[in-house]
Amino acid sequence: MWQELRAALRPKGLEIVTVALDSGGAIAARPWIEAAKADHPSLIDERHLCDELLGIVNVPSGVWIDETGTIVRPPEPAWPRRPAFADREPRPDDPPLRAESIRVVRGLRYEAERYIGALRDWVERGAASPFALPGDEVVRRSRPIPPEVSSAAASFALGLELHRRGQPERAAYWFGEAMRLQPDNWTYRRQAWTLAGPDRERFYATDWLSEVKRLGAESYYPPLEL
Amino acid sequence: MVAAVFDSLFVDAATFERLTGWSMRPEGLCRGERCVPVAAAKGRVDVRAFADRSSSALVHDAENGLWALGPESGGRALASATLPELELPQVDGEPFRMSSLRGTKVLLVAWASW
């Protein structure tokens with residue numbers, strides 16, 4: 001998805017690095033990476049280290065890092081273009097739940113044009129770009145860590161470990177704790193629901209569609225604060 | 001700091017550093033310029049003492065004898081604008097350090113297959 005932009009901006013001094021937040025590791029991520037024919041570094045984050053190190057709670061999220069290794073924009077929704085699935089129409093033969101899911105996905109916020117415009121400006125102008133934030137603003141915009149968010153991270157780590165050990169039911173208990181403690185962390189939720197596979201309904205009382213409808217599709221990705 | 005799982009509350013300092021990024025120094029456990037005054041007895045970190053003094057959550061799964069340590073609470077995910085040291089495998093398994101890109105602007109994009 002990012003390869004085209006990378007080809008355009010690499011000669012101007014920008015590298016793109018993708019990180020798959022995926023406990024399924026390279027096996028889960030490789031088909032997408034190969035389909036994208038990505039030339040850029042494509043990293044795998046099985047432990048979700050970036051969630052906590054950078055404060056990422058949903059995907060896709062972009063972080064800008066300047067030539068000195070300084071973050072100039074913390075995690076925020078990042079789309080290279082409006083995704084094709086955002087304009088899909090339900091077909092008459094779609095089951096009701098699928099049709100509803102397509103309609104909800106259409107209602108999510110995709111601010112690709114504004115985001116890429118700001119990115120191009122930063123690539124051209126560097127620190128002079130108004131979109132490159134000072135350090136104190138980067139810190140202020142990063143996610144707060146109250147005690148319950150620390151507990152959520154510990155619970156999620158236990159869930160991943162127990163899933164790896166072949167205890168999906170016990171893992172689901174800890175994933176559920178992580179969701180309860182940090183309900184706006186969609187990387188925890190979506191990873192846990194996927195890992196549960198056919199047991200999802202047995203382990204969890206809710207799902208992505210129900211939760212996004214409850215929240216309101218327009219709030220799933222926050223507005224860009226450019 | 002990232003969450004880490006242990007099967008004991010006393011962990012050798014090298015393992016603790018590998019999993020959490022906090023290393024043993026004379027002044028305590030340190031990460032960058034931040035130090036937490038926890039003494040290591042015989043080279044082992046007292047995880048409960050570290051959790052108490054760093055305001056990090058410590059969660060216990062009694063059925064499996066596991067403890068998980070969360071990140072320090074009370075601050076923000078980014079304590080400063082400096083990118084934390086981050087090394088992850090590429091899709092072919094080769095390790096990649098983000099610091100290898102110093103001198104270049106980088107857009108890091110987090111995504112997932114799920």
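This report walks through a predicted model of a two-chain complex, from the interface down to single residues.

**Confidence and overall layout**

The predictor is upbeat about the assembly, giving the complex an ipTM of 0.96 and a pTM of 0.95. For chain B, the mean pLDDT comes out at 94, with 99% of its residues at 70 or more.

Let's take chain B by itself for a moment. Its 114 residues include 40% that count as buried. Its C-alpha atoms fit a box of roughly 40 × 35 × 25 Å along the principal axes. Two helices and 11 strands make up its secondary structure, and along the sequence these run β-β-α-β-β-β-β-α-β-β-β-β-β. If you look at contacts in chain B with a separation of 6 or more, 33% of them link residues 24 or more positions apart.

Chain A, on the other hand, is divided into domain 1 (70-143) and domain 2 (147-217). The C-alpha centres of these two domains of chain A are 24 Å apart. Six residues from domain 1 of chain A and four residues from domain 2 of chain A make up the contact. On the domain 1 side, that gives three nonpolar, two polar and one charged residues.

**Where the chains meet**

How many residues does each chain bring to the interface? Contacts involve 71 residues of chain A and 49 residues of chain B. On chain A, helix α7 (residues 147-164) supplies the largest share of the side touching chain B, with 12 residues. By class, that side of chain A has 43 nonpolar, 16 polar and 12 charged residues.

Strands cross the boundary too: β3 (residues 61-65) of chain A pairs with β11 (residues 105-111) of chain B, antiparallel and over five bridges. Within that pairing, A:Ser61 has B:Ala110 as its bridge partner. Leading into β3 of chain A is a loop that starts after α3 (49-55), and A:Pro60 lies in it. The peptide bond between A:Val59 and A:Pro60 is cis, with omega about -5°.

**A core with members in both chains**

In soluble globular proteins, nonpolar side chains tend to be buried together. Here, the largest nonpolar core has 89 residues, and A:Ala157 and B:Ala68 are the members that touch the most others. Helix α7 of chain A gives the most to this core, nine residues in total. The core also takes at least three residues from each of domain 1 (70-143) and domain 2 (147-217) of chain A.

What does B:Ala68 touch? Leaving out residues up to four places away in sequence, its contacts in chain A are A:Ala154, A:Ser155, A:Ala157 and A:Leu158, and those in chain B are B:Ala3, B:Ala4, B:Val5 and B:Val59.

The strand β8 (residues 66-72) of chain B pairs antiparallel with β7 (residues 56-61) of chain B over five bridges. In this pairing, B:Leu66 is the bridge partner of B:Asp61. Together the two strands form a hairpin with four residues between them, and B:Gly65 in the turn has a positive phi of about 60°.

**A buried leucine**

Is B:Leu29 buried or exposed? It has 26 other C-beta atoms within 10 Å, so B:Leu29 is buried. This leucine sits in strand β4 (residues 28-31) of chain B. Setting aside neighbours within four places in sequence, B:Leu29 contacts B:Trp22, B:Ser23, B:Met24, B:Cys35, B:Val36, B:Val38, B:Val45 and B:Phe50. As for B:Val11, it is 18 residues from B:Leu29 in sequence and 13 Å away in space, C-alpha to C-alpha.

**Two lysines with positive phi**

Each chain offers a lysine to look at here. A:Lys37 is in the loop between α2 (25-36) and β2 (42-45) of chain A, while B:Lys42 is in the loop between β5 (34-36) and β6 (44-46) of chain B.

| Residue | Phi | C-beta neighbours inside 10 Å |
|---|---|---|
| A:Lys37 | near 50° | 7 |
| B:Lys42 | near 55° | 7 |

Why does A:Lys37 count as exposed? A:Lys37 counts as exposed because it has 7 C-beta neighbours inside 10 Å, where exposed means 12 or fewer. B:Lys42 also counts as exposed, with 7 such neighbours.

Terms used:
Residues numbered from 1 in each chain as written. Chains lettered and ligands numbered in written order. Predicted model: local features only at pLDDT ≥ 70, side-chain atom pairs only at ≥ 80, totals over all residues. Contact = placed C-beta atoms within 7 Å. Nonpolar A, V, L, I, M, F, W, Y, C, P; charged D, E, K, R; others polar. Pairing = 2+ DSSP bridges. Core = buried A, V, L, I, M, F, W, Y, C linked by C-beta atoms within 7 Å. Buried ≥ 20, exposed ≤ 12 C-beta atoms within 10 Å, placed from the backbone. Domains from an automatic or database assignment. pLDDT = per-residue confidence, 0-100.
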